[in-house]
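Hello,

Here is the structure I promised to pass on to you. Please have a look at it first, and then read my notes below.

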Amino acid sequence: MGAPLVCDAGGLCVGCNTPADCAGIDDECKTRTCASGVCGVSFTPASTPVAAQTANDCLQVVCDGTGNIASIPDSADSPLDDGNACTDEACNAEVPGHPPKADGYSCSDGDACTEADACQAGVCVSGSPLVCGGGKSCVEGACVLLGCTGIVGLPGFPEQPLGPAPVNGAASDLNGDGKLDLAVVAQGSTGVSVLFGLGNGRFSAPIDYPVGSFPQWVAASDLNGDGTPDLAVPKSNGNVSVLFNQGDGTFAAPVDYAVGTSPTSVIAADVNGDASPDLVVTNFNSFNVSVLLNQGNGVFAAAVNYGAGSSPNSVFAADLNGDTHLDLAVANSNGNSVSVLMNKGNGTFAASVNYSVATGPASVAAADLNGDAKPDLIATNHGGNANSVSVLLNKGNGTFNPRIDYAVGQKPSIVAAADLNGDTHFDLAVANTDSNTVSVLLGQGDGTFAPQASFAVGMTPWGVTPADLNGDGMPDLAVMNLSGNSMSVLINFGGGSFNAPARYTNGWYARSVAAADLNGDAKPDLAVADYGTSVRVWNNQGDGTFASGAVHAAGMSPIAVAASDLNGDGAADLAVVNNSSHNVSVLLNQGGGVFAAKVDYAVGIFPRAIAVADLNDDGAPDLAVTSVSSGNVSVLFNAGSGAFAAATPYSAGSSPIGIVAPDLNGDGKPDLAVTNTITDKVTVRLNQGSGVFAAGAAYSTGIYPVAVAGADFNGDGALDLAVANQSSNDVSVLLNQGGGVFGAATTYPAGSSPTSIAAVDLDGDGSPDLAVANSAGHNVSVLLSQGDGTFKPTLMYSVGLKPYSIAAADLNVDGKPDLAAAIYDNYGVDVLLNACLP
């Protein structure tokens with residue numbers, strides 16, 4: 001059967017009436033047509049794109065002009081971006097690709113803290129890190145100061161609190177974690193303390209194990225052969241306690257063994273050659289040493305006593321005569337001698353032979369000081385004014401040459417020998433009880449020593465233990481501070497140098513310090529007032545070290561110094577308070593740190609402290625000086641050229657000493673806050689304008705307040721007060737309630753006899769902290785702010801003897817504030833550079 005007929009309107013048969021009557025299907029490239037009853041096809045022009053396209057394949061789908069669909073190259077249909085800034089998106093022979101951009105093409109590695117990133121072989125290579133000055137770090141392309149997330153070092157760690165009267169520490173890995181721990185005895189306690197090392201020079205809080213009253217010393221050694229160090233502790237009751245390690249740094253109950261009368265020290269050493277450590281104990285009042293032989297399992301035979309000299313208090317074991325057996329050297333404090341007891345080879349000893357040293361030897365150590373493979377002897381001379389160590393060189397047969405003495409600090413106690421500077425020669429570390437220092441004497445390799453270098457530690461250092469406490473391969477020093485009830489850790493910086501404050505000697509009793517750029521080099525210098533008749537300038541070398549500058553005459557007994565541009569020439573001038581001549585000396589800076597001769601201005605009787613501020617709103621800084629005996633504040637208004645009008649007295653409570661001039665009520669005018677030592681108050685006098693002050697409001701503080709600082713401690717925009725209380729050994733913080741009205745004081749412990757206080761952000765968290773100089777504690781207390789007006793527990797940092805004044809400034813230009821403390825008894829200034837320690 002054929003196709004159905006198609007008829008037109010007149011009934012005639014035709015091929016089509018409409019295109020739909022024609023065979024086929026229309027699409028984008030062809031269309032059926034019907035013309036005069038005849039079917040046809042119309043083709044879309046060639047290269048006409050069709051609707052259906054595949055994106056980014058470098059092709060375009062088009063009509064070919066004959067009714068068919070075809071693909072043709074299309075360079076505009078480039079591949080998708082592969083996200084690589086160092087490649088292009090391009091078509092190559094109808095194939096999508098990502099060819100690399102030219103080397104050196106600018107790109108970004110995604111780290112905003114690198115600069116000049118550039119393409120190399122199709123990869124973005126990081127450029128140089130963005131260098132931030134002033135101690136800042138790069139964060140998302142911006143240089144910012146980051147807060148310290150570790151612990152504030154000034155420059156070393158703060159002192160670690162211990163029990164009362166710590167005297168000795170033994171370093172050993174007690175818990176098997178690969179880090180050195182410490183076992184410490186404190187004579188005022190009834191136990192031995194274990195401090196686990198954190199591997200960075202810091203330690204966990206002490207864990208105490210009871211042993212009985214008045215422990216004297218501690219030795220750590222594997223006494224029972226189980227691979228873990230045990231402890232031996234002599235006590236003044238005539239026993240030595242042995243505490244076995246349970247394998248994890250915890251210890252079993254002590255087992256006591258009788259020794260002589262008033263034992264003072266112990267060592268663990270294999271004196272009979274059976275590979276088990278024995279114990280040797282010095283007995284102060286029975287003039288002998290007790291030897292307890294190990295039975296091989298940590299059980300000890302009864303003590304056998306051997307005579308020594310008068311009042312033996314320290315013992316050391318070494319093969320002194322080269323026969324492979326350990327001999328004994330004993331320091332006799334009242335015999336002014338060292339006793340040598342030769343080992344007979346079986347753990348028994350010959351009669352002692354005494355060698356003279358200086359007065360009151362407190363300890364003895366043995367080491368090969370001259371490289372002849374024979375141990376020499378070193379003894380500290382604690383008695384009288386010896387202040388030395390005696391070195392006795394071995395003749396090679398266990399007899400010794402006469403002593404050679406080397407100066408150290410005052411009242412040296414314990415000496416330890418170790419290679420502190422990495423030159424393979426033994427050096428000496430000596431704790432000096434009365435100068436609160438450790439002396440380091442670098443060995444020359446021939447049995448002689450370089451002059452001592454001194455490093456500040458806590459109060460009355462007694463024991464010193466060399467050990468690598470931070471795992472850097474260099475021995476550090478752990479120092480037990482008898483009166484400070486603390487431990488100082490001195491980290492070895494290499495070359496026998498330790499992270500302690502740097503000291504600059506003024507030449508006389510340093511009473512006050514101020515920090516300011518005195519010579520126009522944009523680096524803070526120091527002005528130190530000595531309690532004689534002068535002020536010395538120390539010029540900053542740019543890295544926080546200082547060179548001695550000129551000494552300038554002041555009045556009698558300078559007790560406070562302030563630095564400020566008093567004559568408006570852009571250079572910091574000096575104002576010095578003279579306690580005995582009852583005046584203030586003004587020294588105008590002539591440029592470059594050269595000062596004109598002083599001009600004196602009378603103030604009240606026995607002036608003590610000074611504040612500098614524009615009190616009358618004339619654009620020139622004025623002076624406000626407290627006078628103890630006059631009971632007032634002398635205000636000297638600046639004439640504008642650094643010359644001052646006669647003092648105007650303002651009452652400021654009874655016996656005013658400390659003074660600060662911040663804007664306490666937020667009116668833009670500096671007010672006065674003055675401490676009153678007799679009434680234990682701080683008096684606030686609000687500025688009424690033009691240097692006229694309202695009657696004072698008095699607020700209670702601690703006992704004998706002597707210094708005051710103002711800062712916003714709780715972040716509310718109003719300045720608060722912090723007061724150092726000398727007799728109650730604390731700090732009173734008074735929060736501003738608004739308008740210069742203060743709430744009740746909150747008290748925080750400081751050190752002994754705080755005399756100066758500064759408010760400064762030491763940990764970089766944006767909240768001001770407190771730094772307090774403690775004149776009787778010989779240290780600086782730091783109270784880190786919690787940002788809400790409260791403070792964290794007090795940290796103690798060692799400085800010299802009697803710090804009377806403290807100043808804060810970025811002394812090494814690293815963006816962190818440092819501290820400088822005037823050290824009265826050491827005639828100088830200690831510089832504590834701020835470091836964030838792990």
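The link between cysteine 148 and cysteine 836 is right-handed, with 85° about the S-S bond. Keep in mind that this is a predicted model. Cysteine 148 sits in the loop between strand 14 (142–144) and strand 15 (151–153), while cysteine 836 belongs to strand 78 (residues 835–837), so this disulfide ties together parts that are 688 residues apart in sequence. The two sulfur atoms are 2.0 Å apart. As for its surroundings, cysteine 836 is partly exposed, at 39% relative accessibility.

In case the term is new to you, a disulfide is a covalent bond between the sulfur atoms of two cysteines. Searching the whole structure turns up nine disulfides, and I picked out two others for you.

One of them connects cysteine 22 with cysteine 39, at an S to S distance of 2.0 Å. This link is left-handed, with -90° about the S-S bond. It joins distant parts of the chain, 17 residues apart: cysteine 22 is in the loop between strand 2 (13–14) and strand 3 (30–35), and cysteine 39 is in strand 4 (residues 38–43). Are these two cysteines buried or exposed? Cysteine 22 counts as buried because its relative accessibility is 4%, under the 20% limit. Cysteine 39, with a relative accessible area of 36%, is partly exposed.

The other pairs cysteine 113 with cysteine 138, and here the sulfur atoms are 2.0 Å apart. With -90° about the S-S bond, this link is left-handed. Cysteine 113 lies in the loop between strand 8 (95–97) and strand 9 (114–115), and cysteine 138 lies in strand 13 (residues 137–139), 25 residues apart. Cysteine 113 is buried, with a relative accessible area of 15%, whereas cysteine 138 is partly exposed at 21%.

Now for a sheet that you may like to look up. Four strands form an open sheet in the order 37-38-39-40, and their pairing is antiparallel. Strand 37 (412–418) and strand 40 (453–456) are at the edges; each has a single partner strand, so one side of each has no neighbour in the sheet. On average, neighbouring strands here are turned by 20° against each other, direction ignored.

Within this sheet, how many bridges join strand 38 to strand 39? There are five between strand 38 (residues 427–432) and strand 39 (residues 437–441), and the two run antiparallel. To find your way in, start at alanine 429, whose bridge partner in strand 39 is valine 440.

Best wishes

Definitions and conventions: Residues are numbered from 1 along each chain as its sequence is written. This is a predicted model: local features need pLDDT of at least 70, side-chain atom pairs count only at pLDDT 80 or more; totals for chains, interfaces and linings use all residues. Side-chain values use heavy atoms; hydrogens and water are left out. Two strands pair if DSSP finds at least two bridges between them. Axes are lines fitted to C-alpha atoms, for helices over the stretch in contact, and angles run from 0 to 180 degrees between N-to-C directions. A disulfide is a pair of cysteine sulfur atoms within 2.5 Å. Buried means under 20% relative accessible area, exposed over 50%, partly exposed in between (1.4 Å probe, protein chains only).
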